[in-house]
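Good morning, colleagues. Please take a moment with the sequence and the model before I begin.

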Amino acid sequence: MSSLKLYNFNPQPKGLILPRGFVVTKFSSEEDIASWVEICADGLIDPETGFERFHRDITNADGPDAYRDTYFIEKDGGKIATFTAVPNMNSTGMGNLHMVACKNGYRGLGIGKFIADYSLKILKDMGIEKVYLLTHDHRLPAIKAYLGAGYLPVNYPDDGGNDMVTRWKKIIQEIGIDEIKMLDEKGNFDRIIKV
């Protein structure tokens with residue numbers, strides 16, 4: 001199934017803060033790859049291919065630089081969440097929020113909302129005014145955090161040639177939103193989706 005695409009073409013970070021005791025750190029050595037894999041293996045990637053995924057999606061991809069773009073959220077010295085805020089993903093000239101993951105025991109604390117907001121601040125501070133991300137239908141808490149940070153769904157043909165309206169209708173119903181503005185692939189208004 002095709003990924004969902006969301007755009008934020010006017011990043012307005014809200015300045016959200018982490019809960020007490022949590023801090024943001026940056027990727028700083030090759031040893032951090034193991035932490036990245038451990039975090040992402042808790043629901044985002046297959047742990048058996050984690051190191052390969054890191055190299056495919058971060059070090060060998062067009063755009064990301066692990067040392068510049070990859071961050072961790074830590075609690076008591078342990079890495080519990082990660083995200084990558086890429087200023088120019090796949091030579092699009094657009095920023096990208098990439099590979100967001102949080103360990104299961106730390107979900108529901110506002111970490112995802114913070115990441116969605118803080119990544120916009122990082123990219124805006126780099127001069128990026130257009131940001132996108134890809135996600136999947138089942139990641140409902142993450143989608144809710146992205147929408148709360150100002151991202152909007154993008155309507156584009158999926159692998160079967162269908163538009164995204166039906167999928168987004170189901171998603172907003174499941175997360176308790178009555179209606180949402182949808183953009184086309186160029187970032188222009190496409191329609192309002194209502195439940």
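I shall go from the overall fold to the cysteines, and then to a few individual residues.

Let me state at the outset that this is a predicted model. The secondary structure of the protein chain amounts to six helices and nine strands. Taken along the principal axes, the C-alpha atoms fill a box of roughly 45 × 35 × 35 Å. How does the radius of gyration agree with that of a compact globule? For 195 residues, a compact globule would have a value near 16 Å, and the protein chain has 16 Å, so the two agree.

Turning to the interior and the surface, 46% of the 195 residues are buried. Consider next the contacts between residues at least 6 apart in sequence: 66% of them join residues at least 24 apart. The accessible surface comes to about 9800 Å², and carbon and sulfur atoms account for 49% of that area. As for charge, the chain carries 24 positive and 27 negative charges, and their mean positions are 7 Å apart.

I now come to the cysteines, which may concern those of you planning work at the bench. How many disulfides does a search of the whole structure find? The search finds zero. By way of background, a disulfide is a covalent bond between the sulfur atoms of two cysteines. Why is cysteine 40 without such a bond? The closest cysteine sulfur belongs to cysteine 102 and is 11 Å away, which is too far for a bond; the cut-off applied is 2.5 Å. The converse holds for cysteine 102, which is in no disulfide and has the sulfur of cysteine 40 as its nearest cysteine sulfur. Are these residues buried or exposed? Cysteine 40 is buried, at 0% relative accessibility. Cysteine 102 is also buried, with a relative accessible area of 13%.

My next example is leucine 183, which lies in strand β8, residues 179-183. Leucine 183 has a relative accessible area of 5% and is therefore buried, the cut-off being under 20%. Which residues does leucine 183 touch, leaving aside those up to four places away in sequence? They are Tyr7, Leu152, Pro153, Val154, Asn155, Asn188, Phe189 and Asp190. Leucine 183 can also be set beside leucine 6: the two are 177 residues apart in sequence, yet their C-alpha atoms are 8.6 Å apart in space.

Among the helices, I would draw your attention to α5, which covers residues 140-148. Its buried residues are Leu140, Ala142, Ile143, Ala145, Tyr146 and Leu147. In general, an α-helix has 3.6 residues a turn, so residues three or four places apart point the same way. After α5 comes glycine 150, whose phi is positive, near 100°.

Finally, two residues other than glycine also call for comment on their backbone angles. Asparagine 90 has a positive phi of about 50°. Where does asparagine 90 lie? It is in the loop between β4 (78-86) and β5 (95-102), and at 43% relative accessibility asparagine 90 counts as partly exposed. Methionine 99 likewise has a positive phi, near 50°, but methionine 99 is placed in strand β5. With a relative accessible area of 12%, methionine 99 is buried.

To close, I would recall two points: the search found zero disulfides, and both cysteine 40 and cysteine 102 are buried. Thank you for your attention.

Methods
Residues numbered from 1 in each chain as written. Predicted model: local features only at pLDDT ≥ 70, side-chain atom pairs only at ≥ 80, totals over all residues. Heavy atoms only, no water. Buried < 20%, exposed > 50% of the residue type's maximum accessible area, 1.4 Å probe, protein only. Helix = DSSP H or I, 4+ residues; strand = E, 2+ residues; numbered from the N terminus. Rg over C-alpha atoms; globule rule 2.2 N^0.38 Å. Contact = heavy atoms within 4.5 Å. Areas by Shrake-Rupley, 256 points an atom, 1.4 Å probe, with all protein chains shown as cover. Lys, Arg positive; Asp, Glu negative; His and termini not counted. Charge placed at Lys NZ, Arg CZ, Asp CG, Glu CD.
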